[in-house]
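Okay, thanks for coming, everyone. I'll put the structure up first, and then we'll walk through a few spots together.

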Amino acid sequence: MNTTTATTATTTRLRGGWRAVVHRKTEAWPKAVAPPHRLGATEEPAWVRRLLIGVALAFLTLFLFVPLATVFHEGLKKGWAVYLAAIVEPDALSAIKLTLVAALISVPLNLVFGVAAAWCIAKFDFRGKNVLLTLIDLPFSVSPVIAGLVFVLVFGMQGWFGEWLRDHDLKVVFAVPGIVLATIFVTFPFIARELIPLMQAQGVEQEEAARVLGAGGWQIFRRVTLPNVKWALLYGVILCNARAMGEFGAVSVVSGHIRGETNTMPLHIEILYNEYQFAAAFAVASLLAALALVTLVLKYVVEQRVKATLKGTAGEH
């Protein structure tokens, strides 16, 4: 151990009044040694971070990147001619069209519901508020297959309204309306659940100020509330649309698998694969995967804007 030697002087009283100064050599304290770096509560050693990153990348490679690459490889394995033929085949075009129709109907309806529900829950206090929140989360806890069976029970020929629908020559189950209803059910929480936390974080001060200045309800919503939540709203729409295009369980129950009429893209892919038409199945699957990748990119861009909005809101408060 490194030490330093220090000289100290002590004074003693001698006989005759004289004082003598005695110099002594003493051992001083050891030199200060910098303490070892202590990790913070949220820090980890470098090897732990590298290990966790490696495990995450290995998991993503095995369960995401490799299957995704396989879809595109199998779809294009027999050449562009076979690939395009599978895409433009009448049943495939019908499935693509029905998927887009279901998304184009369900997403705007969920947009209206999500904004209304979020505004009501975040800006007002009323009896039954927790019940409404629970109902919004219902599709997250109920299997899509069960949701499809519920629609069959209600609107099927042997269901509650089956006789009335038959008398009026209306068809819901095994037709486009049933597919749209099932899609709406499984996707309606997404927009509301994106808007509610943001609106609650923003509070009601700005709306109250606008009300004091004489603004009406529609003006407050259009000029105050909506601009503050526009990025979260767009983020919810993207998630809702992605789920609408990729829904399988509920749609499978209510569609009846009528080829060229009630098959969406996921159902058409299943039929092609079960018939051992692998090239066609992977071709349509690659188209659906491409739409998912575009959605993922848009989701990332909007997610950054949402984080910036939340950070700005937190800074203001």
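Let's begin at Arg-259, which is partly exposed, with 34% relative accessible area. This is a predicted model, by the way, so keep that in mind throughout. What does Arg-259 pair with? Its salt-bridge partner is Glu-275, and the closest N and O atoms are 2.7 Å apart. That pair links distant parts of the chain, 16 residues apart: Arg-259 sits in the loop between α12 and α13, while Glu-275 sits in the loop between α13 and α14. Glu-275 is partly exposed too, at 36% relative accessibility. And there's a third member here, since Asp-91 joins Arg-259 and Glu-275 in a network of salt bridges.

How many salt bridges does the structure hold? The count is 7. Let me show you two others. Glu-247 bridges to Arg-243, with 2.9 Å between the closest N and O atoms. Is Glu-247 buried or exposed? It counts as buried, at just 4% relative accessibility, whereas Arg-243 comes out as partly exposed at 26%. Then there's Lys-129 with Asp-125, where the closest N and O atoms are 3.2 Å apart. Here Lys-129 is the buried partner, at 18%, and Asp-125 is exposed, at 73%.

Hang on to Glu-247, because it turns up again in the lining of the largest cavity. That cavity holds about 40 Å³ of space. Glu-247 shares the lining with residues including Thr-99, Ala-102, Met-245 and Pro-266. By class, the lining splits into 5 nonpolar, 3 polar and 1 charged. Helices α3 and α11 each supply at least two of the lining residues.

Those two helices also matter for our next stop, the largest pocket, where α3, α10 and α11 each give at least two lining residues. Which helix gives the most? That's α10, with 3 residues. The pocket's volume is about 170 Å³, and among the residues around it are Trp-119, Lys-123, Glu-208 and Arg-211. Its lining has 4 nonpolar, 1 polar and 4 charged residues.

Last stop, out on the surface. There's a nonpolar patch of about 810 Å², made by Ile-53, Leu-57, Phe-59, Leu-60, Leu-62, Phe-63, Leu-64 and Phe-65. Take Phe-65 as one of them: it lies in helix α1, residues 46-76, and it's partly exposed, with a relative accessible area of 44%.

That's my tour, so over to you.

Conventions:
Residues are numbered from 1 along each chain as its sequence is written. This is a predicted model: local features need pLDDT of at least 70, side-chain atom pairs count only at pLDDT 80 or more; totals for chains, interfaces and linings use all residues. Side-chain values use heavy atoms; hydrogens and water are left out. On a 1 Å grid over the protein atoms alone, a cavity is a set of points where a 1.4 Å probe fits but cannot get out, and a pocket is an open set with protein on both sides within 12 Å along at least five of seven lines; lining residues have an atom within 4 Å of a point. Grid points are joined across faces, edges and corners, and a volume is the space filled by probe spheres set on the points. Helices (H or I, at least four residues) and strands (E, at least two) are DSSP runs, numbered from the N terminus. Ala, Val, Leu, Ile, Met, Phe, Trp, Tyr, Cys and Pro count as nonpolar, Asp, Glu, Lys and Arg as charged, and the others, Gly among them, as polar. Patches are made of residues with over 30% relative accessible area and no salt bridge: like charges are joined within 9 Å, nonpolar side chains (Val, Leu, Ile, Met, Phe, Trp, Tyr) within 5 Å. Accessible areas come from the Shrake-Rupley method with a 1.4 Å probe; for residues, only the protein chains shown count as cover. A salt bridge is a side-chain nitrogen of Lys or Arg within 4 Å of a carboxyl oxygen of Asp or Glu. Buried means under 20% relative accessible area, exposed over 50%, partly exposed in between (1.4 Å probe, protein chains only).
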